[in-house]
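The following exercises concern the empty space inside and at the surface of a protein model. Each task is followed by a worked solution.

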Amino acid sequence: MPDYKLMEAEGLTHVYPSGPKIPAVDGVSFFINEGETFGLVGESGSGKTTAGRMIVKLLDISAGVVKFDGADITGIRGREELLRFRRQVQMIFQDPYASLDPRKKVRDIIAEGIDIHRLAPTAAERETLVQELLDSVGLHPSAASRYPHEFSGGQRQRIGIARALALKPRFLVCDEPISALDLSIQAQIVNLLQKLQEEKKLTYLFIAHDLSMVRYISNRIGVMCRGRLVEMGPAEEVYRHPLHPYTQSLISAIPLPDPIIERNRKRIPYRMEEERGVWGLKELNPGHFVRMPL
Ligand SMILES: Nc1ncnc2c1ncn2[C@@H]1O[C@H](COP(=O)(O)OP(=O)(O)OP(=O)(O)O)[C@@H](O)[C@H]1O
Ligand SMILES: [Mg+2]
């Protein structure tokens, strides 16, 4: 089956009103094919969360265009239109401790979208949906009547995933869903996300710091540096043959298992080039794009 671009961003830009005048995300363009996992990596502050929040419309798009399923979502204003979009595109947040309302029972957290969209005519039907969702993320039925603080980090992230799945979306932005969790729990959540992707034919934007991890779970990868996308391509290709000096620097910083080589190794330094004239992504190898002068 030929690839279908489910999500497309062109020149995506965001300036925080409270922040400095320079955009947190600056003219970023990428696309995500239906059914794939697109890994978005970059160091802290590079603009990954800002970009992710923009494409789910939790943040204003200061400039640029975002298309979802062929339709321009940039101009969505009315509540009805926004609700329709929200049924298809959801987000899982970076911090499972801060993203769940501590005063609400798990049942009501998970059913929030069901209530807003009036998807359950009766209390019994609502509870059936909640129980199905708990089951699909591997939580015990009794979790419904408990509060977020009674759960571990990994379990809280499962609650966040159940909430995101409640409206049967097609597309999920997973914003570093495992970075706040213990190492032993991280693989469980990644496995759960992969299982759900297969079962429900989901498309993921998966945000992470760590290129070595994203490499295994992504079909394609985008690399961000100070608000800009500097490289995009098939995951293995970007990891094995990085073309942008920033990506090369990131990969050189990944710890190696051999302690002797590790001790004698230095990270390749990277200094951002000054951009004169028009810069943008250029396709150097099939499907492999690098930011350079056009
Ligand atoms: N609410 C805000 N108001 C003003 N500036 C912000 C706000 N949120 C983020 N920024 C700034 O925007 C830039 C990008 O931040 P963002 O959170 O998108 O980066 P990130 O790549 O997700 O980082 P991390 O890996 O630490 O999560 C940073 O310089 C940050 O300081
Ligand atoms: Mg972030």
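**Exercise 1.** Identify the residues that line the largest cavity of this predicted model, and characterise them by class.

*Solution.* Step 1: the lining consists of Cys225, Arg228, Val230, His244, Tyr270, Met272, Glu273, Glu275, Trp279 and Arg291. Step 2: sorted by class, this lining holds 5 nonpolar, 1 polar and 4 charged residues. His244 is the polar member, because Arg and Glu count as charged and Cys, Val, Tyr, Met and Trp as nonpolar. Step 3: the space enclosed in the largest cavity is about 70 Å³.

**Exercise 2.** Determine how many cavities of 30 Å³ or more are present, and describe the second largest.

*Solution.* Step 1: the count is 2 cavities. Step 2: the second largest cavity contains about 50 Å³ of space. Step 3: Thr37, Val190, Leu193, Gln194, Gln197, Tyr204, Phe206 and Ile217 form its lining. Two or more of these residues come from each of α7 (183–200) and β8 (203–208), with α7 providing the largest share, 4 residues. Step 4: the class division is 5 nonpolar, 3 polar and no charged residues.

**Exercise 3.** Establish which elements contribute two or more residues to the lining of the largest pocket, and which gives the most.

*Solution.* Step 1: the largest pocket has a volume of about 370 Å³ and a lining of 18 residues, with Leu58, Arg86, Gln90, Glu112 and Ile116 nearest its centre. Step 2: the elements sought are α2 (79–86), β6 (89–92), α4 (112–116) and α6 (153–165). Step 3: α2 gives the most, 4 residues. Step 4: by class, the pocket lining comprises 10 nonpolar, 4 polar and 4 charged residues.

Notes: Residues are numbered from 1 along each chain as its sequence is written. Chains are lettered from A and ligands numbered from 1 in the order in which they are written. This is a predicted model: local features need pLDDT of at least 70, side-chain atom pairs count only at pLDDT 80 or more; totals for chains, interfaces and linings use all residues. Side-chain values use heavy atoms; hydrogens and water are left out. On a 1 Å grid over the protein atoms alone, a cavity is a set of points where a 1.4 Å probe fits but cannot get out, and a pocket is an open set with protein on both sides within 12 Å along at least five of seven lines; lining residues have an atom within 4 Å of a point. Grid points are joined across faces, edges and corners, and a volume is the space filled by probe spheres set on the points.
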